[in-house]
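Biologist: Could you take one part of this model and go through it slowly with me, in words that a first-year student can follow? I would like to look closely at the pockets and at the parts of the chain around them.

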Amino acid sequence: MFFFGVGGLIVFPWSGMNIIPQIGHIIMTLNIVWTIFVTIKTNDYKAAAIGLILGIVIFSFFIGYQQNYVASHSEDFKKIMQIKKPK
């Protein structure tokens with residue numbers, strides 16, 4: 001969630017149709033803050049560490065696939081993100 005949530009807030013523009021995904025990025029960021037708050041409040045650092053490791057193992061494959069797809073289909077990605085080529 002940190003990679004896509006917080007990273008998305010910085011990388012994606014705040015105009016046009018990009019506002020809709022930005023709402024999702026804000027929700028992901030708030031989930032990160034909530035998780036940190038609950039972990040500190042309950043002092044259950046072992047469960048948080050196990051969850052973090054499981055999340056990294058499971059979703060590292062997805063992040064690798066997603067980044068590879070964007071790199072191999074850059075023109076489609078630019079069209080979706082409405083990124084204009086410099087003149």
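Modeller: Let me begin beside the pockets, with one residue of a helix, and keep in mind throughout that this is a predicted model. Leaving aside residues up to four places away in sequence, Y45 touches T39 and I40. Y45 itself is found in helix α3, and it counts as partly exposed because its relative accessibility is 47%, a value that falls between the limits of 20% for buried and 50% for exposed.

One of these two partners, T39, leads us to helix α2, where the buried residues are Q22, H25, T29, I32 and T39. These buried residues of α2 pack against α1 and α3. To see how such a pattern can arise, recall that an α-helix has 3.6 residues a turn, so residues three or four places apart point the same way. The length of α2 can be checked as well: at 1.5 Å a residue, its 24 residues should span 34 Å, and the end C-alpha atoms are 35 Å apart, which agrees. Just after α2 comes N43, which takes a positive phi of about 55 degrees.

Now to the empty space itself. Rolling a probe the size of a water molecule over the atoms shows where empty space is left. The largest pocket holds about 610 Å³ of space. It is lined by 19 residues, and those closest to its centre are M1, F2, I32, G51 and L52. The elements that give two or more residues to this lining are α1 (2-11), α2 (19-42) and α3 (45-72). The largest share of the lining, 9 residues, comes from α3. I32 is worth a second look, since this residue is both among the buried residues of α2 and among those closest to the centre of the largest pocket. Sorted by class, the lining of the largest pocket has 13 nonpolar and 6 polar residues, with no charged ones.

The second largest pocket has a volume of about 220 Å³. Its lining is made up of F3, F4, G7, G8, V11, F12, Q66, Q67, V70 and F77, and the elements that contribute two or more residues to it are α1 and α3. Here α1 gives the most, with 5 residues, whereas in the largest pocket the largest share comes from α3. By class, the lining of the second largest pocket divides into 6 nonpolar and 4 polar residues, and again no charged residue is found in it.

Note on methods
Residues numbered from 1 in each chain as written. Predicted model: local features only at pLDDT ≥ 70, side-chain atom pairs only at ≥ 80, totals over all residues. Heavy atoms only, no water. 1 Å grid on protein atoms, 1.4 Å probe; cavity = no way out; pocket = protein on both sides within 12 Å on 5 of 7 lines; lining within 4 Å. Points joined across faces, edges and corners; volume = space filled by probe spheres on them. Helix = DSSP H or I, 4+ residues; strand = E, 2+ residues; numbered from the N terminus. Nonpolar A, V, L, I, M, F, W, Y, C, P; charged D, E, K, R; others polar. Buried < 20%, exposed > 50% of the residue type's maximum accessible area, 1.4 Å probe, protein only. Contact = heavy atoms within 4.5 Å. Expected span 1.5 Å × (residues − 1).
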